[in-house]
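Biologist: Could you take me through this protein step by step? I would like each term explained when it comes up.

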Amino acid sequence: MAAPQPAMMLPRELIHDTIVLAHKPSAKIHYTFTPGRLLQSSPHRLIVFLNGLMTDKSTWLPIMAGVIRRHGDDGYPPLLAYDRYGQGLTEDQDPQDQGREKGRGHDVGDVVRDLHQLITQIDKDRISGSRGQLHIVFVANSIGCAIARLYAEWYPGFVEGLLLLDPMMASSKFDWWPDPDSDDFSPDDVPEEVTVEVLREQRSKFATIFGTDVINNEGLDRRNLADLLPHSDQPYLQGPGGRGPVVTIVEHDPERFAADSLQSMGTPISLSMKYTNPIWHHYNKGVAQITDPNLTAPASGLHKV
């Protein structure tokens with residue numbers, strides 16, 4: 001039985017339903033899907049939207065609706081968004097979590113395996129598993145970008161494109177700023193207006209909210225994420241036909257981010273501009289190198305919004 005649609009005006013082409021993954025038969029996952037409007041020459045392609053840690057698939061529904069309305073006449077591929085276990089409209093927790101420490105039952109690797117099973121079943125049941133090799137395009141945000149990268153690494157030959165929106169630094173412990181309590185700390189390392197007390201407060205605040213050991217509602221354990229993706233620029237990914245996927249990174253505007261961080265976290269703008277933004281930008285430049293260096297697609301590369 002189909003799940004109720006969200007309380008917003010969406011095209012009737014969007015289907016809202018639940019699915020039980022074959023390897024986890026005791027839990028349901030909520031998803032939104034459209035089979036697309038395929039032309040005779042359309043490739044066997046699926047666009048998959050991947051949520052961040054603090055958002056759910058509802059953030060993608062306006063995007064999916066926009067694709068349908070804009071490309072309804074000239075055709076568009078199947079689109080899929082879903083809520084991971086314990087997230088959004090997926091009320092069931094991951095069955096793997098049962099009997100384990102709260103918040104430590106499954107990691108990003110488990111999410112990737114679940115995603116592959118979800119795509120396999122959607123392709124077979126709702127698209128067409130007989131049209132040859134499926135080509136996947138991931139549109140991802142935050143930790144969804146790490147999920148997309150790991151999927152492309154573990155399942156080579158499937159991922160045709162990665163649109164990564166402000167990727168999280170998977171190899172980071174969110175420890176970006178000098179530690180005022182370390183033996184080698186020097187006040188000259190931080191902007192003049194940033195006191196030791198403010199620096200210590202900011203480090204503590206970010207660790208409490210964003211630290212990899214912080215438990216989240218979906219029970220996704222991030223403590224080993226840096227082991228799963230230890231480098232921003234490795235490994236090289238292999239897409240369909242042996243070539244690398246198109247990789248496009250859209251990163252935040254540094255000045256807007258600094259202003260937002262000041263408002264939401266009390267982070268001095270100078271601290272964001274000297275440390276957080278440059279470190280993040282360097283990481284994103286590395287991610288842009290995980291595909292074929294000779295790729296000439298005009299959309300590929302690093303962009304700011």
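The conversation below goes from the overall fold to the empty spaces and then to single residues.

Modeller: Please note at the start that this is a predicted model, in which local features need pLDDT of at least 70 and side-chain atom pairs count only at pLDDT 80 or more, while totals for chains, interfaces and linings use all residues. Residues are numbered from 1 along each chain as its sequence is written, and side-chain values use heavy atoms, with hydrogens and water left out.

Biologist: How many helices and strands does the protein have?

Modeller: There are seven helices and 10 strands. Helices (H or I, at least four residues) and strands (E, at least two) are DSSP runs, numbered from the N terminus. The radius of gyration is 21 Å, close to the 19 Å that the globule rule gives for 305 residues, so the protein is as compact as a globular protein of that length. That radius is taken over C-alpha atoms, and the globule rule is 2.2 Å times the number of residues to the power 0.38.

Biologist: What does the C-alpha trace span along its principal axes?

Modeller: The spans are about 65 × 50 × 35 Å.

Biologist: And what share of the residues is buried?

Modeller: Buried residues make up 50% of the 305. Buried means under 20% relative accessible area, exposed means over 50%, and partly exposed lies in between (1.4 Å probe, protein chains only). The protein exposes about 15000 Å², and carbon and sulfur atoms supply 52% of that area. Accessible areas come from the Shrake-Rupley method with a 1.4 Å probe; for residues, only the protein chains shown count as cover.

Biologist: Now the empty spaces. What is the volume of the largest pocket?

Modeller: Its volume is about 920 Å³. On a 1 Å grid over the protein atoms alone, a pocket is an open set of points with protein on both sides within 12 Å along at least five of seven lines, whereas a cavity is a set of points where a 1.4 Å probe fits but cannot get out; lining residues have an atom within 4 Å of a point. Grid points are joined across faces, edges and corners, and a volume is the space filled by probe spheres set on the points.

Biologist: Which residues lie nearest the centre of that pocket?

Modeller: Of the 36 residues that line the largest pocket, Met 54, Asn 141, Ser 142, Phe 210 and Trp 280 lie nearest its centre. Elements that give two or more residues to this lining include strand S6 (135–142) and helix H6 (254–265). H6 supplies the largest share, five residues. By class, the lining has 17 nonpolar, 12 polar and seven charged residues. Here Ala, Val, Leu, Ile, Met, Phe, Trp, Tyr, Cys and Pro count as nonpolar, Asp, Glu, Lys and Arg as charged, and the others, Gly among them, as polar.

Biologist: You named Ser 142. Where does it lie?

Modeller: Ser 142 lies in strand S6. Its phi is near 55°, a positive value in a residue other than glycine. With a relative accessible area of 24%, Ser 142 is partly exposed.

Biologist: How many cavities of 30 Å³ or more are there?

Modeller: The count is one. The largest cavity has a volume of about 70 Å³. Among the residues that line it are Leu 21, Tyr 82, Asp 114 and Glu 218. Helix H2 (residues 108–127) gives the most to this lining, with four residues.

Biologist: Staying with H2, what about Arg 126?

Modeller: Arg 126 lies in helix H2 and counts as partly exposed, at 29% relative accessibility. Arg 126 and Pro 35 are 91 residues apart in sequence, yet 6.9 Å apart in space, C-alpha to C-alpha.

Biologist: Is Thr 267 buried or exposed?

Modeller: Thr 267 counts as buried, at 1% relative accessibility. Its place is in the loop between H6 and helix H7 (269–287). Not counting residues up to four places away in sequence, Thr 267 touches several residues, including Trp 177, Phe 206 and Ser 272. Contact means heavy atoms within 4.5 Å.

Biologist: Last topic: which residues does the cis peptide bond join?

Modeller: That cis bond joins Gln 234 and Pro 235, with omega about -5°. Pro 235 is in the loop between helix H5 (225–228) and S9.
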